[in-house]
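Student: I would like to go through this structure slowly and ask, for each label, what value stands behind it.

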Amino acid sequence: MDMRALGGHGLQVGVEGLGLMGMSAHYGATDDTESLATIDRALELGVTLLDTAEGYGPFHNEQLLGKALAGRRDSAVVATKTGMEFTDEGEFRGHNATPEYIRRSADRSLRHLGTDHIDLYYLHRIDPRVPVEESVGAMAELVAAGKVRHIGLCEAAPATIGRAHAVHPLAAVQTEYSLFERGIEQDGVRAALDELGIGLVAYSPLGRGFLSGALTSPADFAADDFRRTDPRFQGENFDRNLAVVDLLRSLAAEKGVTPSQLALAWTLRQGAVPIPGTKRRRYLEENVAATAVEVGDEDLARIEEVAPLGVASGDRYAPELMKGLGG
């Protein structure tokens with residue numbers, strides 16, 4: 001797999017990473033044996049960026065990754081996140097990006113991961129009660145102490161990104177970005193990243209499964225699958241979005257690829273590092289094959305015709321979750 005730089009300070013990752021959240025939470029039943037086999041296969045295929053967070057489980061996801069990397073820590077770029085407070089017993093307490101909590105949660109993540117350093121440490125969400133300079137200052141102290149190699153933000157506004165980057169260089173900003181979600185092209189985030197030389201890591205590059213072309217009905221989701229409350233998967237929104245996917249499926253078929261591969265190849269063409277989430281080897285292999293799919297200018301134009309900016313129907317999160325974005 002080709003490599004791509006995140007930021008300007010030596011962090012190199014495979015052009016496609018792997019999101020691990022679904023191996024522990026939010027997307028129905030999990031299977032640690034298959035999840036570990038999927039991580040093994042990802043490393044075999046050249047995937048290096050493995051994305052987790054203390055809140056995925058909570059803690060189970062970091063522990064799972066620690067088990068997967070035992071004896072081969074240097075084969076992966078480990079990314080995890082802080083700023084969403086959990087007690088040691090796993091009780092969620094809300095946003096907490098105070099320096100004290102960041103230091104405490106970093107040490108806990110290191111224990112769960114079974115490592116002495118985190119390659120990429122994100123602030124999971126901006127805490128409106130804490131100036132981002134204080135949060136990033138604490139993360140910079142972790143870099144100085146050797147516990148963290150690089151830092152980043154998740155879901156931050158352009159001005160916040162600039163203020164954080166002035167305290168300590170950011171390697172990456174992680175945000176939702178896909179053919180269904182291109183808001184960063186309008187709100188100034190993408191322009192800020194390009195201007196400051198910060199990498200873009202795209203989560204949900206398959207629109208939470210919509211762009212895979214495999215979804216047919218919201219009724220197919222498990223009872224504990226959070227997409228049951230996602231506006232894009234509700235009522236008429238679902239039907240409208242499925243119609244767009246049908247058009248993309250036709251374009252993908254003309255190129256001899258799957259809808260997932262076309263969507264990921266589009267994201268790669270935008271210069272992002274997508275981290276599609278999966279807990280199964282067969283989907284991982286399909287996703288990684290997208291790195292060999294060429295999307296030329298003509299392809300881009302045809303994709304833009306059927307999936308222009310703002311094409312998705314419905315907000316990307318339920319109202320209570322939208323409040324925590326873009327701080």
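Student: Why is Tyr-177 called buried?

Tutor: In this predicted model, the relative accessible area of Tyr-177 is 0%, and because buried means under 20%, Tyr-177 counts as buried.

Student: How do you know whether Trp-266 is buried or exposed?

Tutor: The value for Trp-266 is a relative accessible area of 3%, and the cut-off for buried is under 20%, so Trp-266 is buried.

Student: Why are the rings of Phe-86 and Phe-92 called a tilted pair?

Tutor: Their centres are 5.2 Å apart, and rings pair if the centres lie within 6.5 Å. The planes stand at 40 degrees, while stacked needs under 30 degrees and edge-to-face over 60, so the pair of Phe-86 and Phe-92 is tilted. The structure holds nine aromatic pairs.

Student: What makes Phe-86 buried, and what is said of Phe-92?

Tutor: Phe-86 has 9% relative accessibility, so it counts as buried, given that the limit is under 20%. Phe-92 has 45% relative accessibility, and because exposed would need over 50%, Phe-92 counts as partly exposed.

Student: What makes Tyr-177 and Trp-266 a tilted pair?

Tutor: Their rings are 5.5 Å apart, centre to centre, with 40 degrees between the planes; since the tilted class takes what is neither under 30 nor over 60 degrees, the pair of Tyr-177 and Trp-266 is tilted. This pair links distant parts of the chain, with Tyr-177 in the loop between strand 10 (172-176) and helix 6 (189-196), and Trp-266 in helix 8 (residues 259-269), 89 residues apart.

Student: How do you know that Arg-208 lies over the face of Tyr-317?

Tutor: Arg-208 is at 4.4 Å from the ring centre of Tyr-317, where the rule asks for CZ of Arg within 6 Å of the centre and within 35 degrees of the ring normal. Arg-208 also belongs to the lining of the largest cavity, as do Phe-180, Phe-210 and Phe-233, among others. Those three Phe residues are part of one aromatic cluster that includes Phe-221 and Phe-238.

Student: Why is His-124 called buried?

Tutor: His-124 has a relative accessible area of 12%, and because the limit is under 20%, His-124 is buried. His-124 is placed in the loop between strand 8 (118-123) and helix 4 (132-144). Beyond its neighbours within four places in sequence, the residues in contact with His-124 include Ala-53, Tyr-56 and Cys-154.

Definitions and conventions:
Residues are numbered from 1 along each chain as its sequence is written. This is a predicted model: local features need pLDDT of at least 70, side-chain atom pairs count only at pLDDT 80 or more; totals for chains, interfaces and linings use all residues. Side-chain values use heavy atoms; hydrogens and water are left out. Rings of Phe, Tyr and Trp (its six-membered ring) pair if their centres lie within 6.5 Å; planes under 30 degrees apart count as stacked, over 60 as edge-to-face and the rest as tilted. Buried means under 20% relative accessible area, exposed over 50%, partly exposed in between (1.4 Å probe, protein chains only). Helices (H or I, at least four residues) and strands (E, at least two) are DSSP runs, numbered from the N terminus. On a 1 Å grid over the protein atoms alone, a cavity is a set of points where a 1.4 Å probe fits but cannot get out, and a pocket is an open set with protein on both sides within 12 Å along at least five of seven lines; lining residues have an atom within 4 Å of a point. Contact means heavy atoms within 4.5 Å.
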